[in-house]
Amino acid sequence: MLPGVGVFGTGQTVRALVPLLQKEGFPVQAVWGRTQEEAESLASELNIPFSTNKTDDVLLHPEVHLVCILTPPPHTRQIAVKALGIGKNVISEQAATLTDACKMVTAARYYPQLMSIMGNSLRFLPAFVQMKRLLGEGYCGNLQVCEARVYGGSLLSQSYGWAWEELMGGGGLHTVGSCIIDLLSHLTGRRAVRVHGMLRTFVRQGGPAGGIRSVTADDYACFQLLMNGGVVCSVTLNFNLPGTDVHEIMLVGSSGRLVARGTELYGQRASMQVEELLLSDSGEAVEPSVRGLNGMVTQLRLSFQAQEDRRSWVRHPVSMAASFEDGLYVQTVVDAIKRSNRTGEWESVEVKIQDVDSNHNHRTLPN
C-alpha cells in the first residue's frame with residue numbers, strides 16, 4: 001500500500017517527478033500551484049485528480065500521506081513544518097534562509113517517526129552511488145582533492161520572480177551549489193570546516209522591456225571547501241554559457257581518480273595509461289538530477305511498499321537521502337560562502353540550530 005502523494009510546485013522537476021511516481025505505483029492525488037490556472041493546467045497534463053492554489057487543501061487532503069515540496073524557496077519552510085505538524089511524510093527542496101532551515105530541523109526532530117528528507121536526487125544517480133562505493137573500496141587511495149564544474153545557460157525565469165533575487169534563494173550558489181555541497185559531503189563522508197568563495201552577477205538586468213528589473217542573484221560562483229581530514233574541494237558554477245551543459249565531479253586520491261561526467265562514471269588508477277569507463281548510460285540525454293530522480297523514487301517505493309499503514313515507512317531504502325539536518329549543514333556552508341564573498345577571507349563553518357522562540361539563542365548541533 002503506497003501512500004497518496006501531494007505535490008507542491010509546477011516547474012520542470014515536478015513534470016519529471018510525477019510520471020516517475022505514477023510509474024512506481026504511487027497515486028499522485030493533488031497538486032498545488034501559485035495560481036489556480038497553473039495548478040489546473042498541470043493536473044490536466046499529468047492526470048492528477050485534484051488541483052488548487054491553497055496549501056491547506058493539499059495538506060489536509062485525506063488521501064495525501066506523502067508531501068513533495070518543489071516550490072520557490074520562500075514557501076518551502078512553511079509548507080514542510082506544517083505538513084510534519086499534521087502527520088504527513090515530507091520530501092523537500094532547500095529552504096531560502098538559515099532560519100528557515102533551522103525551523104525545518106526542529107520540526108523533523110519533534111516528529112522523528114515521520115519521513116523528513118531533502119530532495120537532492122544526485123545522491124541516487126547510479127554514477128554517484130558507484131563512485132561512493134569505489135571510493136570506499138580504495139580505488140583512489142587516500143582522498144586528497146575534489147573538483148566540481150557545472151556550466152550552463154541562465155537560471156533566470158523569463159519574467160521577474162524569486163530566481164532573480166538572492167534573498168529569496170535565487171542564484172547558482174543556492175539552487176545548484178547547494179546540491180553540489182551536499183553531494184561532496186555525501187561522497188566523501190566529510191564536512192566543510194572552512195570556506196572561501198567569490199560570487200558574481202554578470203547579468204544585472206532582465207525583463208522583456210530590456211532592463212526594467214535588476215537582478216541580485218549570482219550567475220557565477222567559485223568557492224573552495226576545506227573538509228575535515230584535510231580534503232580540499234574546489235567548485236566552479238557558471239550560468240553564462242547558453243548551449244553548454246557541463247556537469248563534472250572529480251575525486252583525486254593518492255593512487256587514482258574517479259570522474260563523473262554527466263551521468264557516466266570514469267576512473268583511472270595510477271598504474272593505468274588511460275581512463276576506463278566504469279558506468280555507461282545508454283538512456284536518453286537528461287540532466288543528472290533528473291536521472292537521479294529515477295533511483296530516488298524506486299527507493300521510496302521500497303521504503304513504503306511493505307507497510308500495512310500508508311503512512312508507515314522503513315528507513316533503510318532511503319538511508320542515502322539527505323536529512324533536514326544535512327539541509328541545515330548545506331545552508332550553513334552557503335551562508336559562509338556568502339560571508340567570504342563579502343569579506344574576502346576564509347570563513348569558518350559552524351552548524352548551529354537557532355531556537356525558534358523569541359530569545360534567538362543558539363546551540364551547537366551534536367555531531
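Let's start at Ile180: beyond its neighbours within four places in sequence, this residue is in contact with Leu122, Ala148, Val150, Val235, His247 and Ile249. Keep in mind as you look around that this is a predicted model.

Two of the names just met, Ile180 and Ile249, come back when we step out to the largest nonpolar core, for they are among the residues with the most contacts inside it. Phe128, Phe223, Leu225, Val333 and Ile337 are the others in that group, and the core as a whole has 71 residues. Helix α9, spanning residues 324-343, supplies the largest share of this core, with eight residues. Both domains take part: at least three core residues come from domain 1 (5-121 + 290-323), and at least three from domain 2 (123-282 + 330-348). Separate from this is a second core, made up of 31 residues, including Phe26, Val28, Ile91 and Leu300.

Now let's turn to some strands. Follow β14 (residues 256-261) into β15 (residues 264-269): the two run antiparallel and are joined by six bridges. Arg261 has Glu264 in β15 as its bridge partner. Two residues lie between the strands of this hairpin, and Gly262, in the turn, has a positive phi of about 65°.

Carry on along the chain and β15 takes part in another hairpin, this time with β16 and with six residues between the two strands. Here, too, the pairing is antiparallel, with three bridges linking β15 to β16 (residues 276-279). To find your place in this pairing, look for Gly267, which stands opposite Glu276 in β16.

Notes: Residues numbered from 1 in each chain as written. Predicted model: local features only at pLDDT ≥ 70, side-chain atom pairs only at ≥ 80, totals over all residues. Heavy atoms only, no water. Pairing = 2+ DSSP bridges. Helix = DSSP H or I, 4+ residues; strand = E, 2+ residues; numbered from the N terminus. Core = buried A, V, L, I, M, F, W, Y, C linked by side-chain atoms within 4.5 Å. Buried < 20%, exposed > 50% of the residue type's maximum accessible area, 1.4 Å probe, protein only. Domains from an automatic or database assignment. Contact = heavy atoms within 4.5 Å.
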